[in-house]
Amino acid sequence: MKAQTNISKDGILMAALSEEDLGRTAELIAECKILRFDCGHGIHIEKPKKFIECLKKLK
């Protein structure tokens with residue numbers, strides 16, 4: 001699950017991964033599927049229903 005990549009005015013990454021980091025991570029994990037969310041880092045707080053839907057699909 002990937003939230004928006006936000007960078008502060010000071011150039012500080014305000015996210016878990018940059019787009020570059022995400023690309024490299026996806027290359028290293030077999031069968032990696034990226035699900036994008038239009039929200040901040042707290043996906044589980046900002047989009048709880050969609051977050052739970054994603055978790056249920058992992059079964």
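## A small tour of a three-helix chain

The protein chain has three helices and zero strands; helices (H or I, at least four residues) and strands (E, at least two) are DSSP runs, numbered from the N terminus. Read from the N terminus on, its elements go α-α-α. What you're looking at is a predicted model, where local features need pLDDT of at least 70, side-chain atom pairs count only at pLDDT 80 or more, and totals for chains, interfaces and linings use all residues. Residues are numbered from 1 along each chain as its sequence is written, and side-chain values use heavy atoms, with hydrogens and water left out.

### The overall picture

The C-alpha trace of the protein chain spans about 40 × 30 × 10 Å along its principal axes. How much of the chain counts as buried? Of its 59 residues, 19% do. Here buried means under 20% relative accessible area, exposed means over 50%, and partly exposed is in between (1.4 Å probe, protein chains only).

The chain exposes about 5000 Å², and carbon and sulfur atoms supply 56% of that. Accessible areas like this one come from the Shrake-Rupley method with a 1.4 Å probe; for residues, only the protein chains shown count as cover.

Contacts are worth a look too, a contact being heavy atoms within 4.5 Å. Among the contacts in the chain with a separation of 6 or more, 38% are between residues 24 or more positions apart.

### Inside: the core and its cysteines

The largest nonpolar core is made up of five residues: A3, F37, C39, I43 and C54. A nonpolar core is a set of buried Ala, Val, Leu, Ile, Met, Phe, Trp, Tyr and Cys residues joined through side-chain atoms within 4.5 Å.

Let's zoom in on one core member. C39 is buried, with a relative accessible area of 4%. Leaving out residues up to four places away in sequence, C39 touches A3, Q4, E46 and K47.

With cysteines around, you might wonder about disulfides. A disulfide is a covalent bond between the sulfur atoms of two cysteines. In this model the term stands for a pair of cysteine sulfur atoms within 2.5 Å. How many disulfides does a search of the whole structure find? It finds zero. Why does C39 not have one? The closest cysteine sulfur, in C54, is 10 Å from the sulfur of C39, which is too far for a bond. C32 tells a similar story: its sulfur is 13 Å from the closest cysteine sulfur, again in C54, so a bond is out of reach. C32 is partly exposed, at 36% relative accessible area.

### Charged pairs

Side chains of opposite charge can pair when their charged atoms come close. The structure holds two salt bridges, each being a side-chain nitrogen of Lys or Arg within 4 Å of a carboxyl oxygen of Asp or Glu. Here they are:

| Pair | N to O distance |
|---|---|
| E19 and R36 | 3.0 Å |
| E27 and R24 | 3.3 Å |

Take the pair of E19 and R36, whose side chains meet in a salt bridge. E19 lies in helix α1 and R36 in the loop between α1 and α2, so the pair ties together parts that are 17 residues apart in sequence. E19 is partly exposed at 39%, while R36 is exposed at 54% relative accessible area. Besides R36, E19 touches K2 and T5, not counting residues up to four places away in sequence.

The other pair stays within one helix: E27 and R24 are three residues apart in helix α1, so about one helical turn separates them. E27 is exposed, with a relative accessible area of 62%, and R24 is partly exposed, at 48%.

### Out on the surface

Most residues other than glycine have a negative phi. What is the phi of E31 near? It is near 55°, a positive value in a residue other than glycine. E31 sits in the loop between α1 (19–28) and α2 (43–46), and at 84% relative accessibility E31 counts as exposed. The C-alpha atoms of E31 and E19 are separated by 18 Å, with their positions 12 residues apart along the chain.

Finally, M1, I52, L55 and L58 form a nonpolar patch on the surface, with about 380 Å² of accessible area together. Patches are made of residues with over 30% relative accessible area and no salt bridge: like charges are joined within 9 Å, nonpolar side chains (Val, Leu, Ile, Met, Phe, Trp, Tyr) within 5 Å. One of these residues, L58, is found in the segment after α3 (48–56), and L58 is exposed at 67% relative accessibility.
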